[in-house]
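Q: Could you take me through one part of this protein model strand by strand? I would like to see who pairs with whom and how the strands are joined.

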Amino acid sequence: MRRLFDAVPSDAEAEERAWSVVREAYAHREPVVRRRRSPIRPALVLAAVAVAVVAAALSPPGRAVVNAVRRSIGIEGAQPALFQLPSPGRLLVSGAGGTWVVAADGSTRRLGAYSQASWSPHALFVVAATGNELAAIEPASGRVHWQLARPGISFPRWGGTHTDTRIAYLTGNDVHIVAGDGTGDTRVSEAARVAPVWQPGTAKHVLAYVDARGRVRIGERVVSHAYVGARTLAWSPDGKTLALGTRGEVVELAVSSGRTHMFHVAGVGALAFAPDGRLALLRGNGVLLVGHAGIRTLFVAPSRLAGLAWSPNGRWLLSSLPAADQWVFVQTRGGHRVLAVSHIRRQFGGEPSLDGWAPGA
Amino acid sequence: MGALRLDLPVAGDRTERALIRDAQRGSVEAFEQLFRSHWPRAYRAALLVVGDAAAAEDIAQESFLAAVRALDRFDRRRPFGPWLHRIVVNRAIDWARARALRRESFSDVELEAAGEREPSAHARALAEGLALLQPEQRAVIVLRYLLGYTPGEIARLLDLPRGTVNSRLRRGLDRLQEAVRE
């Protein structure tokens with residue numbers, strides 16, 4: 001029996017393919033710093049910390065310390081409100097307070113009670129979704145051009161050219177495509193709960209999405225292995241590379257060659273390509289930039305960040321600090337300024353997600 | 001769970017334990033040696049459980065990626081092989097179960113596609129025989145006869161009672177031998 005098993009062929013090419021992927025992951029792994037185990041029992045440590053915290057909070061100087069800690073979760077010196085954007089363009093945000101367009105001068109327009117939205121390819125329209133409704137809206141006037149009722153709509157994404165566009169969205173675990181005029185709605189396939197993305201720079205309608213098995217597909221074609229915990233997918237601006245963020249790594253897929261480049265960066269919650277092709281990653285409190293020399297930290301916040309949007313000129317990155325009710329603008333070109341604005345929830349009626357920063361006035 | 005054996009000398013004089021230590025310290029050569037010494041069996045084990053070359057490649061590769069993620073926390077006193085094989089076989093069982101739901105068949109064409117050389121008549125018969133078994137039976141047979149674990153070790157690897165392992169082995173082997181004889 002053993003000889004029979006040994007007769008099963010191996011596959012040297014598969015081994016080489018796998019080694020190239022595994023070697024990349026090994027090269028980019030983040031070694032864990034080993035800590036010596038304290039001889040004091042963890043329960044005793046916790047109890048001591050709890051007593052100290054309560055004592056500190058009850059004393060007048062302690063209260064001052066607690067207040068300082070509360071302040072420290074945000075960026076110091078933040079503007080009390082969003083008076084203007086640091087860069088030209090229009091920002092699209094959605095949340096409990098609806099979908100809003102923010103102009104560069106800080107003026108805002110509410111488009112309706114939608115919870116998710118995205119720009120059309122040339123930012124002439126917005127596609128927005130509530131739970132059971134998809135709508136195409138003109139951002140300047142707020143006029144709704146068409147609506148489509150479907151159950152459980154999420155992740156609407158608009159792609160195409162000036163004259164011919166498509167919108168992809170999910171209902172539950174199905175990806176759908178509808179024409180830009182709201183006609184021809186079709187269920188395409190099962191998909192993971194990851195926003196689908198349209199390939200830029202092509203007149204063809206090429207949609208990439210993560211299928212139910214965790215594999216990246218371009219149209220019907222499977223272009224990756226199955227990945228566990230896929231979270232976010234993005235095209236590079238030239239349409240040549242797809243970046244996939246998963247629970248444990250970030251994978252760049254070169255579409256023409258099929259080659260993959262993997263970074264072992266755990267916990268990436270969002271990723272976004274700049275217009276010039278730089279890839280930014282959001283991980284916990286930090287924003288990382290992927291470059292030729294590897295990954296470097298661009299910015300570390302005092303508390304957890306959420307969402308990522310590049311300015312249209314690629315000079316600024318915007319992220320949100322929900323615990324401090326702030327937005328943070330981080331300059332990536334022409335300086336290293338960090339600008340923060342507070343009271344975001346008051347301005348937008350709730351915590352908004354960052355849906356995109358598009359050119360135009 | 002009792003300790004499983006295998007601290008194999010993998011190449012030259014260097015033990016697996018030394019390779020893991022060096023790989024944890026950042027030696028890509030040591031990590032490659034670990035990969036090269038374990039890949040063929042990991043891949044074959046996956047292939048024999050799932051019967052699909054592409055899926056076997058995915059499963060074996062994902063198992064090594066899991067190893068990379070856990071490398072710094074890995075206890076060097078434990079053997080690497082059983083830990084890796086547990087991941088490979090469990091993932092392969094999951095994949096095979098999911099595929100069984102779609103009523104696809106185990107195909108020797110895929111076995112051919114997997115190899116750089118023509119599979120022998122014996123290998124073909126083995127693939128056809130394995131196709132008759134449940135994924136769980138295939139896994140136990142593969143762990144026993146390809147990877148060389150004892151029934152007790154298989155029970156610990158798969159978190160199964162030893163009696164279940166023995167019965168799966170016995171029934172699986174009977175059906176497999178019939179198929180191979182034919």
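A: Here is a walk along one strand and its partners, followed by a look at a sheet further along the chain.

Please keep in mind that this is a predicted model. Let's begin with strand β17 of chain A, which spans residues 241-246. Is this strand mostly covered or mostly exposed? It is mostly covered, as five of its six residues are buried.

On one hand, β17(A) pairs with strand β16 (residues 230-235) of chain A in the antiparallel sense, over five bridges. If you want a residue pair to find on screen, A:Ala230 has A:Thr246 in β17(A) as its bridge partner. These two strands form a hairpin with five residues between them. In that hairpin, A:Gly239 adopts a positive phi near 70°.

β17(A) also pairs with strand β18 (residues 250-254) of chain A, again antiparallel and over five bridges. Here you can look for A:Leu242, which stands opposite A:Leu253 in β18(A). The link from β17(A) to β18(A) is a hairpin through three residues.

Now for the sheet further along. Four strands of chain A make up an open sheet in the order β24-β25-β26-β27, with antiparallel pairing. Its edge strands are β24 (306-310) and β27 (338-342) of chain A, each of which pairs on one side only. From one strand to the next, the twist averages 20°. Within this sheet of chain A, β25 (residues 316-321) and β26 (residues 326-331) pair antiparallel over six bridges. One bridge to pick out joins A:Leu321 to A:Gln326 in β26(A).

Conventions
Residues numbered from 1 in each chain as written. Chains lettered and ligands numbered in written order. Predicted model: local features only at pLDDT ≥ 70, side-chain atom pairs only at ≥ 80, totals over all residues. Pairing = 2+ DSSP bridges. Axes fitted to C-alpha atoms, helices over the stretch in contact; angles between N-to-C directions. Buried ≥ 20, exposed ≤ 12 C-beta atoms within 10 Å, placed from the backbone.
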